[in-house]
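Here is a friendly walk through a few terms and how each one is earned. Have a look at the structure, then follow the questions below.

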Amino acid sequence: MAAPSVNISVEAAIEHQIQEVRYDGQEIYLAPLSMSENLSKLAHKIDFYKDESEEKGKPTSEGEKDTDEEKVLAPFQPSLWPWDSVRNKLKNSLTEISVLYDVLNIVKEKHYMVTDPVSQDPPELKASLQMLAKKKSLVAAAQLLSTGAERLKRVQVEMTSNTQDNFLMELLKLRRNWRLKKVHNTILGELSYKSAGSRFWQGGTFEVLKTSDLAADGEVASRKSSLDVSIPSELEGVAYIQVEVKTVSDLMDLTSATLKMPAGLGTVSADAYWQQKLEVAQNVLFCKELFAQLAREAVQVKGTTPHMVVGNQILTNVFPGIQLSIVLCHYTGKEKKVNLAPHKLEHNHVLEHSLHQLLREVHDRNLNYSPPHPANAMLGMSKRRRLAGPRAMSRSELVEMVQSESLLEQILKQTKHAVLRIRTMHVIDQLAVSIQDPQICAHWSCLNSSLESSVRITITSYCYENCKTLLVLLIGIDTIKVVMKDGRVCTLLFENSELRDLIQWQICQHHAQSIQSLAKMQGWQVLSAIINSGHGDMEAYGTTTDVMLASPKGNVILAFHSNPVSGNKLAIKKLDPSLDAHISPAVTASKWASLAGDFQEINLNQLEGRNLVGKIDMLMARLTSS
Amino acid sequence: MEAAALAPSLKNIAPQQEYLLQGSILDTHRDVLLHRLRGLCDNAERNFEAFSDYEAVYVLRNSSTAQQSQNQHVTFRVRHALDHSDAPDHIRYLGQAELGDRSRHTLVRACLDVACSSNVRDFLTEMGFRIDHDYVVKGHFFHKGRMKVTVYKIFRLIQPNKTDPHNLEPLGQSHLVELSVVAPLGQEQIGEDMKNFAEQLKPLVLLEKFDHRKIQ
Amino acid sequence: MGVSCVFSYPVPEGRSGAQVVDILQKQVETMGGSKTGTFYVDCETYQSVMLNPPKTLHILHNSEYPASCFAILDSGATLVADTLFIALMSNLKNIYQAWKGAKIESKGNRFQLADFILKIGSVSLAGSFKGILLEVEYCPCIVASECWAMLKELLQSLIGNIAESPPSALKKKKWMKSTPQQPQCCSTWTISTTLGKLPP
């Protein structure tokens, strides 16, 4: 110690300890400890039991030192109790060490006691037994080693074969798309729609397995993925909801209500990728929920005609003779392969999609309430219900608010609309094909809903397009609203014939109107035009439209008669100028005198012209000059 | 059909209780909490549901006994949504808060929410109520099942009775976070659910039952 | 929501209220009315304790508005609220106390006759029978003076000359409308008639 003494203080580094690192990287520090806190912290770290066993050699000095320390510490701590345990331990060790010291002294002095080693008989050794025991333990050890080695080897193989597809990576991928939780040693997942608002009783718990644990060595390479899922048996297989709209004889067709299972649906192969397996199982669960819901409603809802639930099939009447059948097809691959005759499935994809959509809407409603405003309003009420009290809504308004449509009712409405739309389409197409003159043209609007669509029908005659008859059909659930050219509205029921009648009647009117516009252009005079005339013979259906025209000179009268059943007729009458003399003073012109009398029918087929309007145009042009 | 429709409106006079947990979060960290809540709550796929309410607190004192006991007064809180003018006004009556022992996880108090027509302020004044104080709360709303979570900030009105945005002054630098359920008394399961939910918001926000009497 | 009119129907001597109600109901049924459930209207009265000036508050329920509760102060101010409002009153019991003897209610059957709704109810004050009220509502119209003639025609065939002149409230407010925005009008009127017409 020749050098001048330098004071070295020994203390904890002045470095703030980190208490917490936030998500944004910010660190929260702890304030540095004060001297006394530091000391007490260090003192807590001392394990006094350890000291006792290790440092038996120099008992007295250590013990004294400790007691000194204790004395020194006492004034530091105003409240003694945190040091109580320390003091007690020290005291105990002091006592023990004193005793040990005494014993050692006694032994060393050999005044009162002598210690001698006790002689023991060497244990008898049986060579054979020993060998057996050793052998056994060696075998056990060897087994452990070999399984360990095997496992290592397998992992090695996995690692080398495809590093990407190891189990943990797969698990991470799985975790991104599915809910997982760890229960003891197994990993369980959930594939039900409960978290999305479903209240279906059936759960969808699956188990995540590691394929390498299951597979024998040889199969490792053939496995696509090192992760596999085990799906509950009731969700295995493939399912879908088959929706079919079919024409039946007037009574409900019960014979079709048998368990049908298309064999060609195909199953999910056992080694399919887990994502596909889970998706298919989830779909099975969804279909089951959907069908259960529909079946429950079918039993509860009191319709005009009862719905029928037979096995996995729901039957209900849409229109007389039209039946909707909803079938839950669940093919697990365990059924006997029934060779059904190649039954043509009229599966309606649109309605199936609507069903899925409707159930998802129900789920959505279960989960999303209308938000309360102000924020302390009661949760779970609709916006209108909240207003019911303050706005003093009447009884009927409240009842109306409560009513909601079941899934089955909604799908029934959609089906009705779909059937009606197709029927309308067929009627229009048939008429357009069968009636060449005039031309019928339908424009379907592309903007329609599942419950309403509209079509505009234009009736024109070729070459005379300036005169057209327009019709707008609004197809609803079970009625068709027709808005006619003159703004009249009429409502048709679902029967085909009503629409056919109406269009045919409109065609008759179209002819009459075209002829009237021709008359205007050629200077003819319209004597009378009756849309619904009561004249003529009785027809099976439809009404007759009549037009009478007089030529510019007034010497020719044409009478046109159009009926959907008996067709178009044209009659002509030429006036005899000699009759002029007999006109009474009430008749202002000679043409009025010739409304009645002998008309001659013209054979329209023999006339020249492309179509009816064209023929009459020709005829009128010819007669104008005559 | 009719009877079933009308029954709920007449029956729900059963006393309702509010189970409440409260906490606060600094303004700078609010968005983190909002995103966490969006992930945890039911209306996850929708945007944040914002609300902006004006609340006025009305007090009715018994005029003759005013000197003897200050306790004899009734407080009604009247709230209406500033951003939804068609929503009804609400009178809220809150009972004395019960903290309970350690085994109870939430604060419980009687709670009565009554929707009413918009002339409620005049009507209460007419009844003898006097306005005590008023403020505006703005924030966001979430729900998980029947649990309601609100994250909001209180604004003071610089001039009384004016709720336009220029007249509002934010109070403090943090948002209040409330987790509440209104349900009939004696459903202890709610407290458990709420505690579990509050656990999931740690360490962002610490939801606890606060004794309001101590704060006052 | 239409125009409604309330009349008190005298109980002749020697007949009980129930008998008269029965006769009226039979009459309505023979006219072609069909029974559509029951109705009730009740009104509880609260009085302030030691408020200066003293105030009276009526709480009214009407089965036509099953989700609502009407609170009417003696000054005429009206509040329409949820049915829960009555629970708020129990929290005010130190200041507003229920006046036990003034609970008035009317209960009976509700009939529908084309566009009219007829209600025949016996009225009781604090539990004791006081009289019979007949309410007729004409739904399609909301202007009282416009449909008085129609109401009168129906009423005269039912209750005779009592309906000769319109009720005083109808005379005073000739153009009283009860639109959905002001549903309180109708109810206020009902209560004022109910309270005014009956012997206390």
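Q: What makes the crossing of α13(A) and α14(A) right-handed or left-handed?
A: In this predicted model, the crossing of α13(A) and α14(A) is right-handed. A crossing gets that name if the near helix is turned clockwise from the far one by less than a right angle, and left-handed if anticlockwise. Helices here are DSSP runs of H or I with at least four residues, numbered from the N terminus.

Q: Which residues make the contact between α13(A) and α14(A)?
A: Among them are His511(A) and Leu518(A) of α13(A), and Ile616(A) and Met620(A) of α14(A). Two residues are in contact if their C-beta atoms, placed from the backbone, lie within 7 Å.

Q: Why are α13(A) and α14(A) called roughly parallel?
A: Helix α13 (residues 496-522) and helix α14 (residues 612-625) of chain A pack at about 30°, with axes 10 Å apart. Angles under 35 degrees count as roughly parallel, so α13(A) and α14(A) earn the term.

Q: How do you know what span to expect of helix α4 of chain A?
A: The expected span is 1.5 Å times one less than the number of residues. Helix α4 (residues 81-109) of chain A has 29 residues and reaches 42 Å from first C-alpha to last, close to the 42 Å expected. Just after α4(A), Lys110(A) takes a positive phi of about 55°.

Q: Where in chain C is the pLDDT below 50?
A: Chain C has a mean pLDDT (the predictor's confidence in each residue, from 0 to 100) of 76. Over residues 171-200 of chain C the pLDDT is below 50. Where pLDDT is low, the predicted coordinates should not be read in detail.

Q: What do the numbering and the cut-offs for this model rest on?
A: Residues are numbered from 1 along each chain as its sequence is written, while chains are lettered from A and ligands numbered from 1 in the order in which they are written. Local features need pLDDT of at least 70 and side-chain atom pairs count only at pLDDT 80 or more, while totals for chains, interfaces and linings use all residues.

Methods
Axes fitted to C-alpha atoms, helices over the stretch in contact; angles between N-to-C directions. Helix = DSSP H or I, 4+ residues; strand = E, 2+ residues; numbered from the N terminus. Parallel < 35°, antiparallel > 145°, perpendicular 65-115°, else oblique.
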